[in-house]
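Biologist: I am new to this structure and would be grateful for a close look at a single part of it. Please take one region and explain it in connected prose.

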Amino acid sequence: MTAETALKQPEESLELQSGWRGFVSDWSADRSAFRTASWGKVMMWIFLLSDTFIFSCFLISYMTVRMSTTDPWPDTSKVFALEIGGVSVPLLLIAIMTFVLISSSGTMAMAVNYGYRRDRVKCAALMFATAAFGATFVGMQAFEWTKLILEGVRPWHNPWGAPQFGSSFFMITGFHGTHVTIGVIFLINIARKVLKGDFDIERQGFFTSRKGRYEIVEITGLYWHFVDLVWVFIFALFYLW
């Protein structure tokens with residue numbers, strides 16, 4: 001093999017790895033995707049992207065139904081009002097739910113920070129606090145569902161106007177509530193593993209990464225921040241519109 005041939009071979013191999021072949025080779029190789037992000041983080045981003053499409057379809061369908069229906073749409077400020085001392089306060093419960101969920105994003109962000117500092121106790125405590133916020137949100141949403149069901153709201157009927165209101169409400173809030181519930185379970189599981197030191201001694205089990213790696217806490221945070229962000233859109237489009 002001549003020196004000229006040896007110099008040409010790397011260039012030829014680079015040509016073979018360009019375009020779609022290079023894309024497939026990079027993604028199928030046993031190494032970090034995009035050179036900087038791990039497989040776990042990339043897969044979570046892909047999952048969140050697919051979930052974004054689903055929530056977008058739900059919200060677009062809701063807006064289409066609301067703008068096209070001939071029946072009057074219920075006034076959400078009255079439907080979701082609570083009576084405090086004999087005074088009807090519009091959207092009080094929804095405002096509290098939103099505050100609780102937004103606050104949980106702050107505790108989750110701090111948990112990720114302490115996780116990378118390898119402060120197990122503070123990281124786990126903040127994750128448990130985030131899970132408590134999430135459980136509180138789900139509990140208030142269950143109260144909201146119970147209240148509306150007792151008032152006669154069904155997926156096919158509601159006593160205040162357009163029957164599509166019930167189906168839109170239960171579909172959108174139910175799907176989001178399921179995400180929050182799954183997130184709470186995931187948070188408790190990861191927080192328990194952090195507190196036990198599974199990521200320091202590399203104990204075998206689910207979601208245990210390499211020794212000293214707390215990236216799973218950040219991946220959990222990505223999911224949780226997404227759930228919070230989706231609620232902002234639901235709050236703006238469904239409750240305030």
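Which residue's side chain meets that of Lys147 in a salt bridge, and what is the N to O distance?

Modeller: The model is a predicted one. The partner of Lys147 is Glu151, and the salt bridge between the two side chains has an N to O distance of 3.1 Å. Glu151 is partly exposed, because its relative accessibility is 34%, which lies between the limits of 20% for buried and 50% for exposed.

Lys147 also leads to the cavity. The structure holds one cavity of 30 Å³ or more, and the volume of the largest cavity is about 50 Å³. Lys147 belongs to its lining, together with Val79, Phe80, Ala81, Leu82, Leu93, Ile94, Glu144 and Leu148. Two elements, α5 (92–116) and α6 (120–150), each give two or more residues to this lining. Helix α6 supplies the largest share, namely three residues. Sorted by class, the lining comprises seven nonpolar residues and two charged ones, with no polar residue. Lys147 therefore counts among the charged residues, since Lys is placed in that class. Thus Lys147 has a place in the lining of the largest cavity and also takes part in a salt bridge with Glu151.

To set this region in its context, the chain as a whole should be described. It contains nine helices and two strands. Along the sequence these elements follow the pattern α-α-α-α-β-β-α-α-α-α-α. The chain has 241 residues, of which 39% count as buried.

The bridge between Glu151 and Lys147 may also be set beside others, as a search of the whole structure finds four salt bridges. Among them is the one that Glu215 forms with Lys41, where the closest N and O atoms are 3.8 Å apart. This pair links distant parts of the chain: Glu215 belongs to helix α9 and Lys41 to helix α3 (residues 39–68), and the two are 174 residues apart. Glu215 counts as buried because its relative accessibility is 13%. Lys41 is likewise buried, with a relative accessible area of 16%. Lys41 forms a salt bridge with Glu218 as well, the closest N and O atoms being 3.3 Å apart. Because Glu218 lies in helix α9 and Lys41 in helix α3, this pair ties together parts that are 177 residues apart in sequence. Glu218, at 21% relative accessibility, counts as partly exposed. The value is over the 20% limit below which a residue is called buried, so Glu218 falls into the class in between. Lys41, Glu215 and Glu218 are thereby linked in a network of salt bridges.

Helix α9 has a further part to play in the description. A nonpolar surface patch of about 350 Å² is made by Ile102, Leu229, Val232 and Phe233. Helix α9, which spans residues 215–239, gives the most to this patch, with three residues. Phe233 is located in helix α9, and its relative accessibility of 46% is the reason why it counts as partly exposed. Helix α9 thus holds both Glu215, a partner of Lys41 in helix α3, and Phe233, one of the residues of the nonpolar patch.

Terms used. Residues are numbered from 1 along each chain as its sequence is written. This is a predicted model: local features need pLDDT of at least 70, side-chain atom pairs count only at pLDDT 80 or more; totals for chains, interfaces and linings use all residues. Side-chain values use heavy atoms; hydrogens and water are left out. On a 1 Å grid over the protein atoms alone, a cavity is a set of points where a 1.4 Å probe fits but cannot get out, and a pocket is an open set with protein on both sides within 12 Å along at least five of seven lines; lining residues have an atom within 4 Å of a point. Grid points are joined across faces, edges and corners, and a volume is the space filled by probe spheres set on the points. Helices (H or I, at least four residues) and strands (E, at least two) are DSSP runs, numbered from the N terminus. Patches are made of residues with over 30% relative accessible area and no salt bridge: like charges are joined within 9 Å, nonpolar side chains (Val, Leu, Ile, Met, Phe, Trp, Tyr) within 5 Å. Accessible areas come from the Shrake-Rupley method with a 1.4 Å probe; for residues, only the protein chains shown count as cover. Buried means under 20% relative accessible area, exposed over 50%, partly exposed in between (1.4 Å probe, protein chains only).
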